[in-house]
Amino acid sequence: MKTASPGPTDERDVHAHLTRQQLQELEEREKSPLRKALDLAITLLPLAAGVGAILEYQLLPDSFANPKPGTYLGFLALLVGLYGLSWLWGAAVLAVKKDRQGWQKTLYRAPLYTVLFLLLAAYDYLTLKTSILTQPFVPCVNSIMNAAWTDRSMLLTSAAHTLRLMFIGYFIGVALGLVTGITCGYSRRVRYWVDPVLKFLGPIPTSTWIPIIMVVAGSLFGGAIFIIALGSWFAVTVASMTGVSNVDKDYFEAAKTLGASERQMVFRVAIPHAMPNILQGMTQALSTACTAIMVAEMMGVKAGLGWYITWAKSWASYDKMFAALFVICMIFTFVTKALNMVKKYALRWQVGMVK
């Protein structure tokens, strides 16, 4: 009796049960020696670009005085060293344990790191080496880093004020937005009254309310919290309402058939299925909160990184102003990364669907 050969449908079933790592291993086996050599060269590009940035900084003459030049040089050396260690770790794990995940991450991030080193070299060339970018309005990286280190105490205090103000307003807005959005998404009667308010407030940028709130509010701190909470509330409300209202009605019918109460249908059916939309709204609310807090601090609040930027600009300390901008970028990058980790953990069940 002959055994039937697997058809196209059987092959699709086999590939559907393969994990992502197994698929990567299959792709690696199909690569030609030339392609593998090209991948190796791509992973080495950041090291070459980093060394090139160091040589550009060291060998080309400066167009103006550059105090404490070792700060930026040490920063570049640290970046190159960290990437070199990650490259060695990925190569060692690949050679010893035959685990390609670390190596694949290195290969994936290599072009980004290469561009980063090239941008640093180009910026240094346009500022410190040639002054094509007008000085001192666009300071070089070394001046920015020295200014940040010199004024680190004030920067840390300002960052603490900014984070406190942002998180208070953000969490208030998210909490109210979840209640409003889930209620509106589940109940048509509530949505009938709230939907016109959302359509009225939606087209108005959050920053438009700042001059009005700063005048009406009893304190600048409370007014800034209200502005941040308003923007966060709107983003979370719309996302939560959309997610709950788009839940398949068959799930609610099945829950009713099994004897679920209204509370169980909300917390066991509606919210879990709307969670991707809710988390996306929380991410958008964080972006809105970051924008609102910077504008609020620049216009009235007497503390925080936005106030620090305005203060530094008034004294023509552009290196300190750029230092505060970089601190803002780093803080908000870490906050967004933390929120994405929460989102990834809450939606871990989606990974199982992809595999």
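Student: How many salt bridges does a search of the whole structure find?
Tutor: That search finds three salt bridges. Keep in mind that this is a predicted model.

Student: Okay, what does Asp39 form a salt bridge with?
Tutor: The partner of Asp39 is Arg35, and the closest N and O atoms are 3.4 Å apart.

Student: And where do Asp39 and Arg35 lie?
Tutor: Both are in helix α3, which covers residues 33-59. They sit four residues apart, about one turn of the helix.

Student: Switching to rings: how many aromatic pairs does the structure hold?
Tutor: There are nine aromatic pairs. One of them joins Trp87 and Trp103 in an edge-to-face arrangement, 5.8 Å centre to centre with 65° between the planes.

Student: Which parts does that pair tie together?
Tutor: Trp87 belongs to helix α4 and Trp103 to helix α5, so the pair links parts that are 16 residues apart in sequence.

Student: Anything else on the surface? Which residues form a nonpolar patch there?
Tutor: Leu78, Leu82, Leu85 and Leu88 do, with about 410 Å² of accessible area together. Leu88 is in helix α4.

Student: Now pockets. How much space lies in the largest pocket?
Tutor: About 1,100 Å³. It is lined by 24 residues, and those closest to its centre are Phe75, Leu116, Met330, Thr333 and Phe334.

Student: Which helices each supply at least two residues of that lining?
Tutor: Those are α4 (70-96), α5 (101-129), α6 (141-150) and α14 (318-346).

Student: Which one gives the most?
Tutor: That would be α14, which gives eleven residues to the lining of the largest pocket.

Student: And how do the lining residues divide into nonpolar, polar and charged?
Tutor: For the largest pocket, the lining has 19 nonpolar residues, two polar ones and three charged ones.

Technical notes. Residues are numbered from 1 along each chain as its sequence is written. This is a predicted model: local features need pLDDT of at least 70, side-chain atom pairs count only at pLDDT 80 or more; totals for chains, interfaces and linings use all residues. Side-chain values use heavy atoms; hydrogens and water are left out. On a 1 Å grid over the protein atoms alone, a cavity is a set of points where a 1.4 Å probe fits but cannot get out, and a pocket is an open set with protein on both sides within 12 Å along at least five of seven lines; lining residues have an atom within 4 Å of a point. Grid points are joined across faces, edges and corners, and a volume is the space filled by probe spheres set on the points. Ala, Val, Leu, Ile, Met, Phe, Trp, Tyr, Cys and Pro count as nonpolar, Asp, Glu, Lys and Arg as charged, and the others, Gly among them, as polar. Patches are made of residues with over 30% relative accessible area and no salt bridge: like charges are joined within 9 Å, nonpolar side chains (Val, Leu, Ile, Met, Phe, Trp, Tyr) within 5 Å. Accessible areas come from the Shrake-Rupley method with a 1.4 Å probe; for residues, only the protein chains shown count as cover. A salt bridge is a side-chain nitrogen of Lys or Arg within 4 Å of a carboxyl oxygen of Asp or Glu. Rings of Phe, Tyr and Trp (its six-membered ring) pair if their centres lie within 6.5 Å; planes under 30 degrees apart count as stacked, over 60 as edge-to-face and the rest as tilted.
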